[in-house]
Amino acid sequence: MSTITPEVVAAHSLTPDEYQKVLSLLGREPSLTELGIFSVMWSEHCSYKSSKIHLKKLPTRSQLVILGPGENAGIIDIGQGYGIAFKIESHNHPSFIEPFQGAATGVGGILRDIFTMGARPIAVLDSIRFGPLDDPQTGPRNRRILEGVVAGIAHYGNCFGVPTVGGECVFHKSYDGNPLVNVFALGVIPKDKIFFGRAEGIGNPVIYVGAKTGRDGIHGATMASDEFTEESKQKRPNVQMGDPFLEKLLLEACIEAMHSGAVVGIQDMGAAGLTCSTCEMGSRAGTGVEIDLMHVPQRETGMTPYEIMLSESQERMLLVAEKGREQEIFDIFDKWGLDAATVGVVTDDGMLRVRNHGELIAEINNRDLADEAPLYDRPHTKPHRNVPMEAPDFASTDLKADLIKLLSSGDLCSKRWIYEQFDYMVRTNTLAGPGGDAAIIRIKETGTSVAVSLDGNGRYCYLDPREGAKLVVAEACRNVSTVGALPVAATNNLNFGNPQRPEIMAQLVEAIEGMADACAFFETPITGGNVSLYNETLGEGILPTPVIGIVGLLPTQAPVPSRFQAEGLTVMLLGGIGSSDEVHFGGTQYAYVLLKQMWGLPPALDMAVEKNVHLAIREIDAAGLAASAHDLSDGGFAVALAEASFDGIGAAVILPPSSLRPELLLFHEAPSRILLSTNSPEEVSKIADKLGVPTQVIGKTVKGQVVIEGHLSAAIEELQQPWASALENALHA
Amino acid sequence: MKFGVVVFPGSNCDHDAHYAVTQNVGAQASLLWHQESSVPSDVDAIIIPGGFSYGDYLRCGAIAKFSPIISAVTKFAHAGGLVMGFCNGFQILTESGLLPGALIRNSALKFICRPIDLRVETTNSPFTNTATPGQILSLPIAHGEGCYTAEPHVLDQLEAEDRVVFRYVKNPNGSLRDIAGICNAQRNVLGMMPHPERAADPLMGSTDGLVLFHSLIASLAAK
């Protein structure tokens, strides 16, 4: 009698067609364990089956790229024999079900991706999104989720000893039942010591190291590939538990083992655990892997082969060692107090063969699992949008009050309550931490520093996924350039709803294409990333939210501050005041916060102009001409001017004559603009002119005041106090 | 002049202390593994760095105090050797009885990472002898359990004996009497929650931490 009924197949989230493909690949009916193995490897999370054909459009190469997508993390060359490995990954679904552990293990997972390559992690950034904290119905739950996520990230990163140096925190109703937790990690690696997840060398031992296997996280990857329903809360056992201390030991032991020369290949056990690591390592090397589960260190008694293969217990790695050198590996792991056990051997037949006390449990071709997952060219129509093109009537009665409301809104207010819970300084490399345009991390080994910015904008992408994605890339490159760094590479996290809905699939396709265009134009190839689909609860999708992480390089030196530092300096707008109109105002913070509406289109971007602004600010920074520089983005000019004043030095400015009405003039979000202060305005203009970038001298820095002639005047304190206290007030409401 | 930097599994600030001492102070340093049972004879002073020794799952420093290296450090201290514990190092020193009192959860119940101002309360110590009395130092804190607490008579005694080395200008964590750092009666063991090793490099925004290392070197030279 067959145990694999259609119900069992459906419970594994495989479609009838997918099951037919399993049958034809195997040439027989799978065992339950084999079905479980197929289901996780072919899940959206592991196989990228809905996005893969579109991801191929992304640029992935440049002279600096050592390693592009396909491995655990991308690597770029930073010179002097070193590279940096980095990637972003989501833990959205687990963070909704269990915020603390969901976020903590999100950090743990991406850190393992980095040190699996042989890189020592030196920085984490996070991009997190929640439902509104002040919503009468969902506010209390959103507050709990935020507090849990922040505490989870802090717990894991602080204890592991990696600084959490920046990121973004954004609120929107569409994240109510579906928070986004995207974690970026970056590590430094000697170029001649890069390790791959490959099971090379027939007869080499396969060694399991790290934490024991328990029943936690079984089918986490499949869960992450489903929409949420009312039953989702019962999936709590699908969420893993993190142990950052164990991970710290695992890092030190793995790096020591790698440097011993006895390690041939290594891969972390993340999503789909032992299953994914065995078949992927075999598939990449074109080899087979045979393991016996009786050797797997286990935390619980009576675990079935199904449970052992599918467990997502954290802090585990699988490595292939040189035959005969097992003892060296065991000695290193013993020094760090960690389990290490030979669980199998590399074979020549390309098969994943799983035994339990000798009995054959599963026998599947590695390539069938890792490379033969179904690929879908899902139908895509017009991107979903349900807002008008035309602007509503609106008129401000008090621009200063508007500015204060914006500064104390969720997206724009100070995130100090969050980032002070993160140790952002450990390892003493943080030249610029949270709160600036980009974080800057020094690489002690080379005299080079790395600037990183994470950026996403769901409202822009909802109004126009293609242009929105371009704007997101442009802004992150602008952030990195503003601190003086040359953007060189990118990693992306694509957070979308259900790809089986053509209007959602269209959002994904257009966003990928927009991102591809922009990354090619700004010369920031995407070296890896993550796709998170099915971000829907009860049929309601999130705003399409592609998040980009841009990495830039600069010489190690004191950073250019984003805030005004001295009185009497000339204040300039590099890129000018920019242009906008009512239609292109519909995705701004002003529309969202003050008018509580969304309409029209995102701001218009001219990538050529944008790139010249980047060139100009980098040259200005390199020449030491900028006393401060801060890019204009969410909230537009007035918000940037206020933010730049929060060290106590403000500015008195007169904006040039403009046909824009005051609300647009002060708050429109056209890109390609940077606010700077300088004592050499002529030199700055010379550089800008040479590159064809418009500049405007708009005023002088002054003590204690923010004045925009004819529009508003405020003491800095009037603006700063609401900005500084808003998040804490909202959390403790 | 050579520092020994203790390394526990989970000592995250060991590299930072080693880097500050060797690169910013210009002294020598070696790492002392937690399972070593003696302090090498060429070590002049010991740093117990910050981090999460053994994960600190039970209580900060509660496991570390049983380690072989802490027995060795205790002997070193009893023989008059100079010992500095920063952050988790301070927690370990109180747990192991080398310093009085205890560090408990911050009053706001959250981890806090930020630069704070610290006042030098005494220059009568080998760790502050080149500072000026009342000097304000800007040093980072990064801890979840940094609220210094002790019985009132212990606090009175610390004050009477001029053993409060540092006080917070603005108390961030609820520490009793704003205490940020103390020394033992023999004045050769210092514990403090802020991180001087993170304020030793101009690129990190403050070099106010250097005064501790320079003082220590000066006092060793005077011996």
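Q: In this predicted model, what makes us say that chain A and chain B are in contact, and how many residues does each give?
A: Two residues count as touching if their C-beta atoms lie within 7 Å. The contact takes 21 residues from chain A and 21 residues from chain B. On the chain A side, helix 8 (139-160) and helix 10 (244-260) of chain A are the elements that give two or more residues.

Q: What kinds of residues make up the side of chain A that touches chain B?
A: That side divides into 11 nonpolar, 5 polar and 5 charged residues.

Q: Why is strand 22 of chain A said to pair with strand 26 of chain A?
A: Pairing needs at least two bridges. Strand 22 (residues 570-574) and strand 26 (residues 695-703) of chain A are joined by 5 bridges and run antiparallel, so they count as paired. Here A:Met572 stands opposite A:Val697 of strand 26.

Q: How do you know that strand 24 of chain A pairs with strand 26 of chain A too?
A: The rule asks for at least two bridges, and strand 24 (residues 649-653) has 5 bridges with strand 26, in the antiparallel sense. In this pair, A:Ile649 stands opposite A:Lys703.

Q: Which residues have the most contacts inside the largest nonpolar core?
A: They are A:Met41 and A:Val473, in a core of 316 residues. Helix 19 (residues 502-521) of chain A gives the most to this core, with 11 residues.

Q: What does A:Met41 touch, leaving out residues up to four places away in sequence?
A: Its contacts include A:Cys46, A:Ala272, A:Cys276, A:Leu369 and A:Ala373. Each of these pairs meets the 7 Å cut-off between C-beta atoms.

Note on methods: Residues numbered from 1 in each chain as written. Chains lettered and ligands numbered in written order. Predicted model: local features only at pLDDT ≥ 70, side-chain atom pairs only at ≥ 80, totals over all residues. Core = buried A, V, L, I, M, F, W, Y, C linked by C-beta atoms within 7 Å. Buried ≥ 20, exposed ≤ 12 C-beta atoms within 10 Å, placed from the backbone. Helix = DSSP H or I, 4+ residues; strand = E, 2+ residues; numbered from the N terminus. Nonpolar A, V, L, I, M, F, W, Y, C, P; charged D, E, K, R; others polar.
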